[in-house]
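Q: I should like to learn how to read a protein structure, one feature at a time. Where should a beginner start?

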Amino acid sequence: MRPDESPSEQKGQPGLVSAALSGLCPRCGAKSLFTAPAALAEQCAQCGLDFRKLERGGRFVGVITMLLALALILAALAVDEWLKPPLWASFLFWGPATVGSVVFGLRFYKTMWVYHQFEESQQP
Ligand SMILES: [Zn+2]
């Protein structure tokens, strides 16, 4: 099986996951998409692509965060019921796990949105 046949790769673009992880600009591929772990840059430092304009309309970010948090809380409750870990262990694990997944979730969502908007804007 050839590695370039994975379903997440489309039209020769970098995979969305790697784009989200390194914050790649949809036009030039520079690592300029994020200024903070989950905050979009105003525009690309390399090619000047206006990320803010592309991000406009991405109003579901709040909903995504809520759903993610809810899923994590449910997962935490399930693990709690299953393993019955001491309270300190729960906090030690779920604190960073929650922050990590919310940041990654937001990052992934914003990247997906910007890439989608960028593709739309490329249509004649
Ligand atoms: Zn760029």
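The dialogue below takes up confidence, layout, burial, the core and a backbone angle in turn.

A: Begin with the origin of the coordinates: this is a predicted model. Confidence should therefore be read before anything else, as pLDDT expresses the predictor's confidence in each residue, from 0 to 100. In this protein the average pLDDT is 82, and 85% of the residues score at least 70.

Q: Where among the elements is confidence lowest, and where is it highest?

A: The lowest mean, 83, belongs to α3, whereas strand β1 (residues 34-36) has the highest, at 90. Residues 1-10 have a pLDDT below 50, and this stretch makes 5 contacts in the model beyond near neighbours in sequence.

Q: How many helices and strands does the protein have, and in what order do they run?

A: The protein contains 4 helices and 2 strands. Read from the N terminus, the order is α-β-β-α-α-α. One element to examine is α4, which has 36 residues. From its first C-alpha to its last, α4 reaches 51 Å, close to the 52 Å expected at 1.5 Å a residue.

Q: How does one decide whether a residue such as L40 is buried or exposed?

A: One counts neighbours: a residue is buried if 20 or more other C-beta atoms lie within 10 Å of its own, and exposed if 12 or fewer do. L40, found in strand β2 (residues 39-40), counts as buried because it has 21 C-beta neighbours inside 10 Å. Over the protein, buried residues make up 15% of the 124 residues. In α4, the buried residues include G105, W113 and Y115.

Q: Which residues does L40 touch?

A: Leaving aside residues up to four places away in sequence, L40 touches L33, F34, F51, E55 and K110. For L40 and E55, 15 residues apart along the chain, the C-alpha atoms are separated by 8.5 Å.

Q: What share of the contacts joins residues 24 or more positions apart?

A: Among contacts with a separation of 6 or more, such pairs account for 48%. T111 in helix α4 offers a case to follow: T111 and L33 are 78 residues apart in sequence, yet 8.0 Å apart in space, C-alpha to C-alpha. T111 touches L16, A19, A20 and L33, not counting residues up to four places away in sequence. T111 counts as buried because it has 23 C-beta neighbours inside 10 Å.

Q: What is the idea behind a nonpolar core, and which residues have the most contacts inside the largest one?

A: In soluble globular proteins, nonpolar side chains tend to be buried together. Here the largest nonpolar core has 13 residues, and C25, L33, F51 and V114 have the most contacts inside it. Helices α1 (16-22), α2 (51-55) and α4 (87-122) each supply at least two residues of this core. The helix that gives the most is α4, with 3 residues. The contacts of F51, beyond residues up to four places away in sequence, include L33, L40 and V114.

Q: What should a reader notice about the phi angle of K84?

A: Most residues other than glycine have a negative phi. K84 has a phi near 50 degrees, a positive value in a residue other than glycine. K84 is found in the loop between α3 (61-83) and α4.

Q: Is K84 buried or exposed?

A: K84 counts as exposed, because it has 8 C-beta neighbours inside 10 Å.

Note on methods: Residues numbered from 1 in each chain as written. Predicted model: local features only at pLDDT ≥ 70, side-chain atom pairs only at ≥ 80, totals over all residues. Contact = placed C-beta atoms within 7 Å. Core = buried A, V, L, I, M, F, W, Y, C linked by C-beta atoms within 7 Å. Expected span 1.5 Å × (residues − 1).
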